[in-house]
Amino acid sequence: MNKVTYIITLDIGTSGMLASLYNSVGECFCTSEQEYSTEFIYPSKVEQDPATWAHAAYAVLKKIGEYAQSHQIKIEAIAITSQRASLIAVDETGAVLRKALMWQDKRAIEQCNKLEKTYTTKGLYAKTGLRLSPYAVLPRILWMWEQERSLFDRAKKFIGVQDYVFYVLSGEMKTDWTQAARTMLMDIQTFDWDEDLLKAAHVTREKLCELVAPGTVAGYLQTNVAQHTNLLQGTPILLCGGDQQNAAVGLNVVREGLAEANTGTGSFVIAHTDRPVFDEEARILCSASAIAGKWVAEASVFNSGSIYRWFGKQFYHNIEASSDSIYEKMTQEAAKAPAGANGVLMLPHFEGSGAPYWEPEAKGLFFNLSLGSTRGDMARAVLEGIALEIADNLMLLEQKTGVLEQISIAGGMTKSDLFAQIQADAFGVPVSRYENEEATSRGALIIAAVGLGIYDTIEESLKNILKTDTRRFWPDKNNQRIYKILLERKQKLFYALKKERIYPLFMESLMLQFK
């Protein structure tokens with residue numbers, strides 16, 4: 001490395017967008033964040049106006065641009081990382097035709113049933129690494145073909161959130177392997193669009209983005225964007241890929257035997273693999289890694305941080321203070337409750353269940369409440385329920401990828417020492433928490449530094465950029481025994497509800513009331 005280079009990372013999350021200005025040795029100089037909201041439409045639709053991402057990108061990049069100008073910093077590149085598996089339809093001019101169908105959207109259950117009859121879950125899983133579910137893009141494209149045919153026919157391209165923001169900035173339609181791996185349209189072995197699945201979706205290659213490897217300079221900043229953001233026209237833009245794959249790199253999960261649990265809106269549990277890894281029951285996903293030519297085994301918990309925020313809003317709304325104060329109060333009360341929350345158990349399936357159960361009709365549950373249960377017991381049960389769901393998935397990943405030597409944790413909830421300790425107790429192994437909370441942005445920086453030729457290898461980039469200290473949390477043996485029992489009870493409770501078809505029967509009775 002001959003000189004220090006300055007790079008913007010643009011992290012497009014589910015609830016907000018974060019731009020950070022780093023140098024090539026990992027120092028962060030400025031950040032800018034813009035929040036936005038997703039529209040939840042009862043009972044199963046989740047949408048968002050793509051304009052919110054365009055506006056957010058302009059706003060956060062402008063602040064970084066102003067900082068760079070005032071400090072005489074030349075920005076060499078923009079590295080984009082983003083949420084995955086959302087669907088946007090655009091016409092031949094690039095104009096959006098409807099609100100995005102978000103990754104949490106479950107309207108395409110019927111289309112999944114049709115795909116199951118033709119291709120089977122196992123067949124699709126073997127080809128794409130994805131379990132057939134309404135969370136994949138393919139069933140949602142089919143839903144649009146069946147339910148919104150005129151709009152479908154007008155669509156020039158079907159793209160994702162990262163692709164859309166990249167188009168806004170560069171004027172080009174490209175995507176990387178990690179994003180394509182979440183569509184159920186890409187062959188996970190070859191990193192190319194699969195012709196049979198394109199036919200199933202009634203689309204051609206021309207209807208999708210051009211594929212590039214993660215870490216590729218895929219385009220350059222357009223003149224109009226540069227003028228509005230105080231950045232240089234022609235600034236290279238790299239597609240670094242899915243937020244969770246980048247977070248794994250930012251948490252040093254770059255070789256086999258390493259895994260991480262990253263808890264944001266949902267929790268994503270990822271282990272690195274040098275080969276595609278599959279599960280006979282398709283409970284875990286196999287995706288492209290942000291490290292080109294590698295893979296990750298992934299288990300997704302769809303509801304975790306979102307439940308934590310929901311609980312704070314619903315049960316601590318009487319606290320007239322900042323949101324930080326609300327969560328501090330929640331943590332204080334949860335800490336007073338013993339491990340096991342005095343018998344209260346929470347199932348974190350508020351918007352369906354991802355891995356390892358894959359039950360889209362599941363709902364959240366607080367079990368074993370009594371008149372002696374306190375708000376603090378419930379607050380602790382929220383933390384424990386999330387940690388136990390992650391532990392459930394780590395056990396499965398270890399069965400498929402081999403012994404996990406180290407587990408790193410990250411995400412907003414891990415700021416809490418209590419939640420970090422609960423995770424260590426639930427996992428039964430020490431966990432490492434990096435002091436830098438923005439694992440996704442730092443991962444994108446590590447990937448981009450190699451893509452720009454600043455460093456020759458991921459290992460060299462990691463060594464120079466990821467220098468932050470970690471704090472380790474060791475499992476308490478007594479609590480570990482308690483959580484092992486709770487995990488078994490959680491599994492039995494879920495399977496009892498599933499066996500008796502409680503979830504679909506309950507939903508059917510509700511829908512009858514609206515007819």
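**Questions about names and cut-offs**

Author: Let me start with P356, which sits in the loop between β20 (345–347) and β21 (365–367). The model here is a predicted one.

Reader: Thanks! What kind of peptide bond joins A355 and P356?

Author: A cis one, with omega at about 0 degrees. A cis peptide bond also links Y42 to P43, where omega is about 5 degrees. The loop that holds P43 runs between β4 (39–41) and β5 (45–48).

Reader: And which sheet do β4 and β5 belong to?

Author: They are part of an open sheet of three strands, ordered β4-β5-β8 and paired antiparallel.

Reader: Why are β4 and β8 said to stand at the edges?

Author: β4 and β8 (100–101) each have a single partner strand, so one side of each has no neighbour in the sheet.

Reader: How do you know that β4 and β5 pair?

Author: Pairing takes at least two bridges between the strands. Three bridges join β4 to β5, so they count as a pair. As an example, E39 has E47 in β5 as its bridge partner.

Reader: On to helices. Why is α2 called roughly perpendicular to α3?

Author: Helix α2 (residues 109–119) packs against helix α3 (residues 121–128) at an angle of about 85 degrees, and their axes are 7 Å apart. The range for roughly perpendicular is 65 to 115 degrees, so α2 and α3 earn that description. In this contact, L115, E116 and Y119 of α2 meet T121, G123 and L124 of α3. By class, that gives three nonpolar, two polar and one charged residues.

Reader: What makes α13 oblique to α14, then?

Author: Helix α13 (residues 375–401) and helix α14 (residues 417–427) pack at about 40 degrees, with 9 Å between their axes. Roughly parallel would need an angle under 35 degrees, and roughly perpendicular starts at 65, so α13 is oblique to α14. The crossing of α13 past α14 is right-handed.

Reader: Which residues of α13 and α14 meet there?

Author: From α13, they include L383, I386, A387 and I390, and from α14, they include L418, F419 and I422. Taken together, the contact of α13 with α14 has twelve nonpolar, one polar and two charged residues.

Reader: Now a single residue: why is A288 called buried?

Author: Buried means under 20% relative accessible area. A288 has 1%, so it is buried. A288 belongs to strand β18 (residues 285–288). Beyond its neighbours within four places in sequence, A288 is in contact with residues including W177, I188, F191 and W295. For A288 and I188, the separation is 100 residues in sequence and 6.9 Å in space, C-alpha to C-alpha.

Reader: F191 came up there. Is it buried or exposed, and how do you know?

Author: F191 is buried: its relative accessible area is 10%, and the cut-off is under 20%. F191 lies in the loop between β11 and β12 (192–193). Its phi is positive, about 60 degrees, although F191 is not a glycine.

Reader: And what makes M184 count as buried?

Author: M184 has 0% relative accessibility, so the under 20% condition is met. M184 too has a positive phi, near 70 degrees, and is a residue other than glycine. You will find M184 in the loop between α7 (177–180) and β11 (186–187).

Definitions and conventions. Residues are numbered from 1 along each chain as its sequence is written. This is a predicted model: local features need pLDDT of at least 70, side-chain atom pairs count only at pLDDT 80 or more; totals for chains, interfaces and linings use all residues. Side-chain values use heavy atoms; hydrogens and water are left out. Helices (H or I, at least four residues) and strands (E, at least two) are DSSP runs, numbered from the N terminus. Buried means under 20% relative accessible area, exposed over 50%, partly exposed in between (1.4 Å probe, protein chains only). Contact means heavy atoms within 4.5 Å. Axes are lines fitted to C-alpha atoms, for helices over the stretch in contact, and angles run from 0 to 180 degrees between N-to-C directions. Angles under 35 degrees count as roughly parallel, over 145 as roughly antiparallel, 65 to 115 as roughly perpendicular and the rest as oblique. Ala, Val, Leu, Ile, Met, Phe, Trp, Tyr, Cys and Pro count as nonpolar, Asp, Glu, Lys and Arg as charged, and the others, Gly among them, as polar. A crossing is left-handed if the near helix is turned anticlockwise from the far one by less than a right angle, and right-handed if clockwise.
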